[in-house]
Amino acid sequence: MHKFLALDLGAESGRGEIVTLKDGRVTMEEIHRWPNRPVRLGNTLHWDFPFLFAEILATLKAVAHKGIVLDGISVDTWGVDFGLLDETGSLLGNPVHYRDARTENIHAWANPIMPADEVFAATACEPWAISSLYQLASMQRDNSPQLKLAGTFLNMPDLITYFLTGVRASELSIVSTANLLGPDCRWAEEVIRRFKLPRGMFGKLIPPATVLGPLSPHVREQTGLGEVPVIATCGHDTSAAVAAIPGEGDNWAYLSCGTWSILGCLIEKPIATQRCLELGCTYEYTIGGWYLARNILGLWLVQELRRAWNTPADPWDYTRMTSEAGKAASSGLVDVADGSLHAPASMEKALLDLLTKRKQPMPADRGGLVRCVLESLALEYSRRLNSVAELAGPRSALYMVGGGVKNTLLCQLTADACGIPVYAGADQCTALGNALGQALALGVLKSRQEICQVMRDSFSMTMYAPRDPALWAEKRKKYDEVVGHGA
């Protein structure tokens, strides 16, 4: 029996999960959870890094208090954000939040230095304004004194493991979100040179599933733990989730479905073509190699409807919403990627306005509106699966993981829309990928295939077969018309 601590930090909260691997199966128990609240100081939005690290120490103390003997510890977080250390190893200010305004209109300043399509060709990473590169570019533009003093660049999970161990290293999965890593898994030297970034701050690159070293004496003294190994698994939470997808064979795609959705497939080597950029796809690194990814707005639409509708007098929880949607007749469709749905004051009004604007049939009631959202989301998945097929070849199955697998109606509609079997289950792939990556690093597991086997043996996957191919071919045509009209 082996026990691993997976520290999983998201944009809204962090948690510590004890993952137990016994007889080829995993179980998971949450030991501590805390909020992740950004702080605005002056005109800059920061992450409260001292608070986050204090909560990580509190998690380690809880482990020691319970007498749990750990085989390893690892950290995963969201992508792109980072901290800078000076030459002595001290942190140069709280890391800045990716939603800070410093990267607004950054491409207007950056493109004359290196056009976005050239950045994509050099890094195989979508050149988002929020990426590490463009955050650093904004600091360069503003003559940031921190950038001039910087001795080490570390993305968030690497920054946390540095303060746990004293070891400075940049793990490939998290750096692959930064527009700073080349497809050859080396620093993108031409990008760094063109933007005149301090080359010395980009240090050692390591693959996921690398043992960094034991907890530092300071951390051991504060927490009561011994020399537990700290491991760099997949520092990017999405890559950790992809590592744990229980896919069988090679010809499958994955769909990580939650507030946001990410659809893609494993791929031997990034092909950073102009067409890939046009399709909004990107490449990231996970255990065993690269994967193709396409971000899609997910169950945020349903979550926002629930937030507005759910009252003590008239409860609308997810069970009721799904049940009412299952009984409702199909109506119109909406382009779920439309910008008006990203942060509306009223999601219901925004959806109804889109239906009116596109001259779509209106739903008869709330259940009908939820069905409209779920069908549209499933059809968006189908469109993006076609993008994956164009870039990497057709897929014979779709593995669906994340919180969205609890919505059985969405799982079935996704199978119908995509026209291939959907295997849904394993709603906690991120923390499990974190922990099983530790097992791989320590030699408990021998390969990524063994990680997948453990996941298959630990979780039942429900298969949803596609139905009514002629009906859904017509729906795909209608959705393409809705999306095309919006464009």
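**Exercise 1. The cavity**

Task: How many cavities of 30 Å³ or more are there, and what lines the largest cavity?

Solution. Start with the count: there is 1 cavity of 30 Å³ or more in this predicted model. A cavity here is a set of points on a 1 Å grid over the protein atoms alone where a 1.4 Å probe fits but cannot get out. Next, take the volume, about 40 Å³ for the largest cavity. Volume is the space filled by probe spheres set on the points, with grid points joined across faces, edges and corners.

Now list the lining; lining residues have an atom within 4 Å of a point. For the largest cavity, they are Ser74, Val75, Pro157, Asp158, Thr161, Glu171, Ile231, Ala232, Thr233 and Gly235. Strand S6 (72-76), helix H6 (156-165) and strand S12 (229-232) are the elements that give two or more residues to this lining. H6 gives the most, with 3 residues. Helices (H or I, at least four residues) and strands (E, at least two) are DSSP runs, numbered from the N terminus.

Finally, sort by class: 4 nonpolar, 4 polar and 2 charged residues line the largest cavity. Ala, Val, Leu, Ile, Met, Phe, Trp, Tyr, Cys and Pro count as nonpolar; Asp, Glu, Lys and Arg as charged; the others, Gly among them, as polar.

Two notes on the model. Residues are numbered from 1 along each chain as its sequence is written, and side-chain values use heavy atoms, with hydrogens and water left out. The model is predicted: local features need pLDDT of at least 70, side-chain atom pairs count only at pLDDT 80 or more, and totals for chains, interfaces and linings use all residues.

**Exercise 2. The second largest pocket**

Task: Which element gives the most to the lining of the second largest pocket?

Solution. A pocket is an open set with protein on both sides within 12 Å along at least five of seven lines. The second largest pocket holds about 350 Å³ of space. Its lining has 18 residues, and Gly249, Asp250, Leu266, Arg448 and Gln449 are the closest to its centre. Strand S14 (260-267), strand S16 (289-297) and helix H18 (448-458) each give two or more residues to this lining. H18 gives the most, with 4 residues. The class split is 6 nonpolar, 6 polar and 6 charged.

**Exercise 3. The sheet**

Task: In what order do the 7 strands of the open sheet run, and which are the edge strands?

Solution. The order is S15-S16-S14-S13-S17-S18-S19, with mixed pairing. Two strands pair if DSSP finds at least two bridges between them. Strand S15 (282-286) and strand S19 (462-464) are the edge strands, each pairing on one side only. Take one edge: 3 bridges join strand S18 (residues 422-424) to S19, and the two run antiparallel. Ala424 has Thr462 in S19 as its bridge partner.

**Exercise 4. Two helix crossings**

Task: How are H13 and H15, and H12 and H14, set to each other?

Solution. Axes are lines fitted to C-alpha atoms, for helices over the stretch in contact (heavy atoms within 4.5 Å). Angles run from 0 to 180 degrees between N-to-C directions. Angles under 35 degrees count as roughly parallel, over 145 as roughly antiparallel, 65 to 115 as roughly perpendicular and the rest as oblique.

First pair: the axes of helix H13 (residues 318-327) and H15 come within 7 Å and cross at roughly 85°. These helices are therefore roughly perpendicular to each other.

Second pair: the axes of helix H12 (residues 300-309) and helix H14 (residues 347-357) come within 8 Å and cross at roughly 125°. H12 and H14 are therefore oblique to each other. Here Trp300, Leu301, Glu304, Leu305 and Trp309 in H12 meet Met347, Glu348 and Leu351 in H14. This contact divides into 6 nonpolar, no polar and 2 charged residues.
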